[in-house]
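Colleague: Could you take a close look at the salt bridges in this model for me? I would like to know which side chains pair up, and where they sit.

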Amino acid sequence: PRITFPVDVSGFQILRMEIGLTLDGFQSRSAVVAAVFEALRTVVSKPLQLDLIKQYLSTGLLHGYLFAPRPPDAVALAVDALRFGIGGTSGVGNNNFNWYLMPSPEDNTGIERMREVVTDVLRIMVNEEQAIISFRASPKAIFEYSGGIVDQKVTTVPLFLPWKREPITGARYLVESRANGGSSYFKSLSWFAATFDGEELSPPYLNPLIPTNIRPPRPVIERQGKWGRQFFYLEDANASEDPTRTIGRGGLKLTNEGIWSELKTTTPLEVQSNWKLWQIPPSYASTVGLQLPVRPPEPGIECAFVVQLLSSLPAAFTTSQLALVNLWLLSFDDEILGLAELGAAAGIAYETSLNRSGLRICFRGVSQTLPSYVRRFCRRLVQHHVKLLDGSTKMADSVPIRASALANRSPQMTRAEKDFVASFVTRASERDVANE
């Protein structure tokens, strides 16, 4: 669902939740509405955990500030200082207005108040009498797929009653009562799903990939010496965010606990023979680094991690080899969907692509949680491959269709090759895909 606030003023607010439906879903629209309200009731059935609220705040901070396109902090602070004044506890603001983005995870009072506000909003949302429910559908959906098990089929054309005309836009609309059996139909479907598939509505759960407290960016310091510049980065995540540093004859020392390692700038830091760490230290643009999205100049928590799986196949795949590889990648995308959705909320994403050396997997996300995501991802990758080999898992029916559509969009394939792929992917088995 997509949630927006088309009206948001002091003392009045409208929340809009948009859900896309298939034709089958439109046929059972009363059951879909019942499912939405039942899901909201499940959320408020138990008190929300404080750690859950902290994760929601972290998600808002990630997507609304840290990863969002924005000016440098200095520009934002200067503009807010003109609006709200200076002298507050955070530097910007005054006695009547304290400038901050969101409650801190350490602010127990603010977190508790946030939980009360979220609970009050959910209680308003579960009141079915205060909701305005509307469906936007095509003529094909209305006149061919509007009738279902509990919902009545629409037979009257929009030119006649009971259709009405909206006075501002002139759009035709029909007011229909919700089917009485919509809630019972949904509950019966839920019972079958819970009994045979083990799927049921549950209260919100903690996302293991969203931190309740976002770790500050790892500081990188620069030292000027007679042999040139030296860069050091903090290895110990538990060390102080801004430790006191002293430089003596023995080199860089800290007055508190912390492990600082020198970052080589002439060449990428070679940790082992089979992988390298690429990083751009401050004011040293000549070092080759991974391209990340453009961000403000302040130190950030975003990082990238690349895995290159080397292949013994030739650099130029045959058409059948390429089709089998695409089937494998698409089937793995379906297998990893749950983990990908968890990672999306935490600001983590992955991308798979083929190059001359084999399969390249690139991860991007928060340095605090990306290692856990990569470990889970790689375990699922191996498990999926083993299951394809022994036949314990099956590819979805949509996988060959998507593979054929992918080939049709390729500008480098001839029409004969595209036709061959469309026929070949329907005959390929799971074992063929795994062996390739």
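Modeller: Happy to; here is a walk through the salt bridges, with a few words on the setting.

This is a predicted model, so to speak of local features we need pLDDT of at least 70, side-chain atom pairs count only at pLDDT 80 or more, and totals for chains, interfaces and linings use all residues. Residues are numbered from 1 along each chain as its sequence is written, and side-chain values use heavy atoms, with hydrogens and water left out.

The protein has 13 helices and 14 strands; these are DSSP runs, numbered from the N terminus, with helices being H or I of at least four residues and strands E of at least two. Buried residues make up 28% of its 436 residues, where buried means under 20% relative accessible area, exposed over 50% and partly exposed in between, with a 1.4 Å probe and protein chains only.

Now to your pairs. Side chains of opposite charge can pair when their charged atoms come close. A search of the whole structure finds 11 salt bridges, each a side-chain nitrogen of Lys or Arg within 4 Å of a carboxyl oxygen of Asp or Glu.

Let's start with Arg136, whose side chain meets that of Glu18 at 3.5 Å, N to O. Arg136 lies in the loop between α5 (108-125) and α6 (139-144) and Glu18 in strand β2 (residues 12-18), so this pair ties together parts that are 118 residues apart in sequence. Arg136 counts as exposed at 77% relative accessibility, whereas Glu18 is partly exposed at 23%. Neither residue stands alone: salt bridges that share partners join Arg2, Arg16, Glu18 and Arg136 into one network.

The next pair is Arg41 and Glu128, with a salt bridge of 2.2 Å, N to O. Here too distant parts of the chain are linked, with Arg41 in helix α2 and Glu128 in the loop between α5 and α6, 87 residues apart. Arg41 is partly exposed, with a relative accessible area of 32%, and Glu128 is partly exposed at 30%.

Asp419 and Arg415 give you a local case, their side chains meeting at 3.5 Å, N to O. Because they are 4 residues apart in helix α12, about one helical turn separates Asp419 from Arg415. Asp419 is partly exposed, with a relative accessible area of 44%.

To recap, Arg136 with Glu18 and Arg41 with Glu128 join distant parts of the chain, while Asp419 and Arg415 pair within helix α12.
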